[in-house]
Amino acid sequence: MKEKLQELDTETVKNSLKNNKGLLAASLIVLLAIYIRYIPASDMEYLQALDSYLIYRFSQHIALDWSFPALDFMRYFPYAFPTYAENLGSFFIPAVFYWMGPFLFFSYLEWAQLFPALMGGLSVLAVYYIGKEAFDELTGISAAFFLATIAGVMHRSGAGFFQKDPTSAAFMLISMYFFIRAWKRNSWYSGIGAGVALGLATTSWGGSSMLWLLYALTIGVMLWINEDIRQLITAYTPTILIGAVLAASINHDRFWLTDLDFLANLAMLGFLWSRYLVEELELIKTSYLPYYTPSLSIIGLVTAALSPLYSQTLADMFISMTRRVTRQASDTDTIAGTVAENTPVTLGELSTQLGAVGVSQAHAFLSDPYNVLLSPLTAIGGLVANINGAWPLAFIGIVFLSTTIALMILKKLEFVEDTITDKQFYRIAAVVLVVWIAAFSLVFEDPTPGATFIAAGPAVLALIGGVGILKTLEEFGERKIEVEWYHVLIVLWAITNILAASAQSRLVFLASFPTAFMAGYMFARVIRKVRSLKAETSTYLASSASILVLDILLIIGLLLSGIGFLVAVVAVAILNGLGFVIFNDKEFSNFGLNANTINLGLLGVIIIVTVLVNLGSAYSAANSLGESPNELWMENLDYFNEEASEDSVILSWWDYGYHFQSLGRTASVADGGNLGYYTDGERIPYAIADFLASDSPEDYGEMFEKHSVDYIVLDETMIGKYSAVSQISNRDNENFDTMMQLSTSDNIQDSVTESNNRTIVQYSGQGMQAYVPVQTDGETVEISSAPTIESQEFRGQVSCVLTDEGVQEFDVEQPLNIDGFGEMCVAENPYFSITNAVLSGQQGFGMNSQLVLVPENIVDSTLVRLYLMDGYGIDFVEEVPEASNDYVKTWEVDYEGL
C-alpha cells in the first residue's frame with residue numbers, strides 16, 4: 001500500500017484525471033443533480049405528495065423491523081389489504097440501500113427525503129453511460145446535464161417524493177444501458193445485466209410497462225430492417241427472460257408470465273429466433289431473407305384478426321394490445337378519470353415541463369436585492385430557453401437522428417450512395433420534420449389556438465435559421481452515411497415516450513428522460529459543428545454574438561434604470577448600427593484573434609448561456625416543490641395520533657387515506673390505491689362519493705356500520721373536488737355538478753368599498769365579478785343581502801346564502817340562472833371567510849376571502865352541508881373542535897342518530 005501511494009506523483013494524478021475527465025465531469029453533474037433535487041429538503045419536515053406515506057410506512061417497517069406483514073389492517077378497514085398486491089420493489093429497494101450504510105447517518109424519515117434525489121442522480125449517471133455507449137462521451141455528458149436540470153423530472157425525483165417513479169426509472173435506464181451495450185458488443189453478460197435491471201424496475205412501478213413495449217417495438221422494427229439479428233439474439237433473449245422471471249418471482253401479483261407485456265415480448269423473441277435460425281440453418285435462400293419478416297408479419301396479423309373465430313383468449317389479447325398501442329381506454333374507469341395525472345397534457349404544459357422557460361421565474365425564489373437585479377436577466381433567459389432548453393434541442397435532435405437512420409435505410413435499399421451532400425441531407429430532414437410535426441399535432445390534438453406552434457415553433461425556426469446561416473456562409477459540404485442500428489432504440493424511445501404523454505400527464509415524467517437525452521445528442525452536434533467552423537464563419541458569428549451580448553446588457557441596464565420602451569428601442573438600434581460599422585469587412589485577426597480563439601470563444605458563450613438558462617430553470621422547479629400535508633392538516637392528524645382511540649376508523653375522501661394511516665396512525669376506509677379487496681360490488685370510493693353527493697346521509701347507516709366508521713373528515717380542497725365526487729357518484733366523467741370559487745385580492749381591504757352606506761366586498765374569478773353586501777357586529781362579518789354577480793354574458797342577483805343555521809333566502813325578483821349550472825346560492829369558504837380575512841389584515845398579514853357559488857340542486861348534498869354549512873341538518877354527527885380548524889373539519893359519528 002505504501003509503495004502504491006509513493007507511485008502517485010503529480011504527473012500520474014494529472015494523467016489519470018485527463019484520461020477520466022469525462023467520468024469526472026459526469027460525476028460532478030450527478031452531484032449537481034442530487035443537490036438540486038435536495039433543495040426542497042431545507043424547508044421539509046415530512047414528505048411530498050400522498051402515496052409517499054404508504055411506501056414510507058412499509059419500507060420503514062422492512063428496514064427497522066426486518067419483517068413485512070402479509071396484511072395491512074390500516075387500509076380498507078375492516079377488510080385489510082394484502083401487501084403482496086403492491087409494487088414490492090418500491091418498499092424493499094430503499095430499505096436494502098438503507099442498510100448498505102446510510103442507517104449510520106440518517107433516520108429513516110431523513111433517508112426517505114434523500115432517497116429520491118439519490119435515485120435521480122443514479123438516473124443521470126445511467127444516461128451519461130447510455131450517451132457514451134451509443135454515441136460518444138460528449139453526448140453522454142451533455143445528456144446527463146440536461147437530465148440533471150430538466151423540470152419534468154424534478155417534482156418526481158425531488159426530496160421527499162418517496163415514490164415508485166424515481167426508483168423504477170433509474171433501473172429502467174440501467175436496463176437500457178446494458179441492452180445497448182449487449183447489442184453493440186454482442187455480450188451475453190450485458191444482456192443479463194439488462195434483464196436484472198428490467199426485473200427490478202418492473203417490481204417497483206407499473207410505468208415500467210413503457211420499457212417492455214419499447215423493447216418489443218424495437219425488435220419488430222429491426223426485424224423489418226433485417227439487420228443485427230445475431231446481436232439482438234444476444235441482447236434481447238436474457239433481457240426479456242431474466243426480467244420476466246425476476247419480476248414474477250418477486251412480485252407475482254403485479255407481474256406474471258401471462259401478462260400482456262411479457263407475452264408480446266415473448267412473441268417477438270420467438271419471431272427473432274425464427275429469423276435467426278432460418279438463416280443460421282440455411283432453411284431458405286439468402287436472397288429470400290428480406291421477405292421473411294414481411295411475410296410472417298402478414299400471416300401473424302391475419303391470424304390475430306381472425307382470432308375471435310377460434311380463440312377468444314387470443315382475441316382479447318390482440319384487442320388489448322391494440323388499445324394500448326393506440327392509447328384507448330379498455331374500460332370506463334370513472335375514478336381514474338377524476339385524477340388530474342390521468343388527463344391529457346396540453347402542449348403548453350409539455351413544452352414548459354420539458355423545456356427551460358421556468359428560468360424566467362428563478363429570481364422569484366431569491367431574496368432582495370438579487371430578486372430585483374436578476375429579474376430582467378431571467379426574463380431574457382426565458383426567451384433564450386426557447387432555443388437552448390432541453391425541449392427545443394430534443395425536437396431538433398429527433399429530426400437529425402431520424403434523418404440519419406432514414407438515409408441508412410435508403411442506402412441499404414440502394415437509393416443513395418455512401419456519401420451525400422449537406423443539401424441532400426437537409427432536404428430529407430425537411431421531409432422528416434414535416435412528418436414529425438404532423439404526428440406530433442395529430443396525437444396531441446390540443447384545442448388551444450396556435451398550440452403546436454407554441455410547442456414546436458421555436459425549435460423549427462431555430463432549425464431553419466441555423467441551416468440558413470450555414471448555407472449562406474457556405475458551410476455546406478459532404479457527409480458520409482453511417483449509423484449504428486442500436487440508434488433505432490434511441491429514436492423509438494424518444495418518439496414513443498413523448499407521444500405517450502398525450503394520453504396522461506403523468507407520463508411527462510417518462511418523456512423527460514429521452515427529451516434530455518436527445519437534447520444532449522443535439523447539443524453535442526452543435527458543439528462539434530461550432531468547433532469545426534471556417535475562419536470566415538467564425539468571424540461573422542463572433543461579431544454577431546458580440547453585438548447580441550451588448551444588446552442584452554444594454555436592455556438590462558435600461559430596464560433597471562426605468563427608461564421607457566421607445567428610448568430602449570432607439571438605443572439598441574444605435575448600438576447595432578455602430579456594431580455593423582465597426583465589424584463590417586474587418587477580420588478578427590486585426591484584433592489579435594485567430595479562428596481557433598474565436599471558435600473557443602463562441603463555444604464558451606454557447607456553453608455558459610445554455611448552462612445558466614437550464615440551471616436557472618432547475619432551480620426554479622426545485623424551489624416550487626413543497627411537502628404534504630400542511631400545518632393545518634397536521635393539527636388534525638396530531639389529534640388522531642395522540643388523542644383519539646387507537647381503534648378509531650376514519651371515513652374521508654380517498655385522497656387522504658395514506659395521511660391518516662401513516663401520520664395519524666389511524667385506519668381509514670379508503671385511500672389512494674382505490675382497490676377493493678374482499679369487498680362486494682363496486683370499490684369503496686363509489687360508496688363514499690354516493691354518500692357525499694346524497695341529500696339523505698342517514699340512509700348510509702349500513703355502510704358506516706359495515707366499516708366501523710368513527711369519524712368523518714373533510715378539508716377545504718373538497719370544494720374544488722366536488723366535481724370529482726359528482727363524477728364518481730354519477731359513474732360518468734362527462735355529466736357532473738361542480739362548485740365555483742371567486743376570490744378577493746390578497747389583502748381583503750383592497751376589495752372593500754363603501755356605496756350608499758353599504759359595505760361591499762368585490763370578488764372575481766371564472767370570468768365573473770361578484771359584489772357582496774356585508775355587515776359586522778364587531779367580531780364577525782356576514783353577508784347581509786343578495787350578492788350581485790356579473791360577467792360579459794349575464795348580470796343578476798343570487799337569492800340565497802348558505803350558513804351554519806341553514807339556507808338564508810333573499811327577496812330577489814329574478815334569481816340569477818347561469819347556463820349549465822342553473823340557479824345558484826353562495827357560501828363563504830369556511831377557512832377563507834370574510835371574518836378570517838379581516839382578522840388576518842388586522843394582525844399584519846394579508847389574506848384573501850373566497851366566495852363559493854353552489855348550484856341549488858346540490859345545496860342539500862352531504863358534502864355541502866357538512867363543510868360549507870358546518871353539518872347543518874345532519875343529526876348523527878358532532879363536530880370535534882380539537883380536530884377542526886376551519887381548513888380541516890372533523891365530525892364524530894353518533895350511531896344512535898342513524
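**Cavities, cores and buried residues**

Mentor: By class, 11 nonpolar residues, 1 polar residue and no charged residues line the largest cavity. This is a predicted model, in which local features need pLDDT of at least 70, side-chain atom pairs count only at pLDDT 80 or more, and totals for chains, interfaces and linings use all residues. Residues are numbered from 1 along each chain as its sequence is written, and side-chain values use heavy atoms, with hydrogens and water left out.

Trainee: What makes a residue of the lining nonpolar, polar or charged?

Mentor: Ala, Val, Leu, Ile, Met, Phe, Trp, Tyr, Cys and Pro count as nonpolar; Asp, Glu, Lys and Arg count as charged; the others, Gly among them, are polar. The lining includes Met172, Leu173, Trp493, Asn497 and Pro514. Asn is in neither named list, so Asn497 counts as polar.

Trainee: Why is this space called a cavity?

Mentor: On a 1 Å grid over the protein atoms alone, a cavity is a set of points where a 1.4 Å probe fits but cannot get out; lining residues have an atom within 4 Å of a point. The structure holds 3 cavities of 30 Å³ or more. The largest has about 110 Å³ of space. That volume is the space filled by probe spheres set on the points, which are joined across faces, edges and corners.

Trainee: Which helix gives the largest share of that lining?

Mentor: H9, with 4 residues. H9 (164–185), H11 (209–225), H22 (487–500) and H23 each supply at least two. Helices are DSSP runs of H or I, at least four residues long; strands are runs of E, at least two; both are numbered from the N terminus. The protein chain has 33 helices and 21 strands.

Trainee: What is the volume of the second largest cavity, and what classes line it?

Mentor: Its volume is about 60 Å³. The lining has 7 nonpolar, 3 polar and 1 charged residues. Arg37 is one of the lining residues, and Arg counts as charged. Helix H6 (108–134) gives the most, with 3 residues.

Trainee: How do you know whether Thr862 is buried or exposed?

Mentor: Buried means under 20% relative accessible area, exposed over 50%, and partly exposed in between, with a 1.4 Å probe and protein chains only. Thr862 has 0%, so it counts as buried. Thr862 is found in helix H33 (residues 862–868). Contact means heavy atoms within 4.5 Å. Beyond its neighbours within four places in sequence, Thr862 contacts Phe691, Leu692, Ser694, Pro697 and Ile874.

Trainee: Why does Ile760 count as buried?

Mentor: Its relative accessible area is 9%, which is under 20%, so Ile760 is buried. Ile760 sits in strand S10 (residues 758–765). Val772 is 12 residues away in sequence, yet 5.4 Å away in space, C-alpha to C-alpha. Across the protein chain, 50% of the 898 residues are buried.

Trainee: What makes a set of residues a nonpolar core?

Mentor: They are buried Ala, Val, Leu, Ile, Met, Phe, Trp, Tyr and Cys residues joined through side-chain atoms within 4.5 Å. The largest core has 221 residues; Leu350, Phe440, Trp653 and Met739 have the most contacts inside it. Helix H23 (residues 508–531) gives this core the most, 14 residues. Apart from this core lies another, of 27 residues, Met740 and Val826 among them.

Trainee: Why do such side chains come together?

Mentor: In soluble globular proteins, nonpolar side chains tend to be buried together.

Conventions: 1 Å grid on protein atoms, 1.4 Å probe; cavity = no way out; pocket = protein on both sides within 12 Å on 5 of 7 lines; lining within 4 Å.
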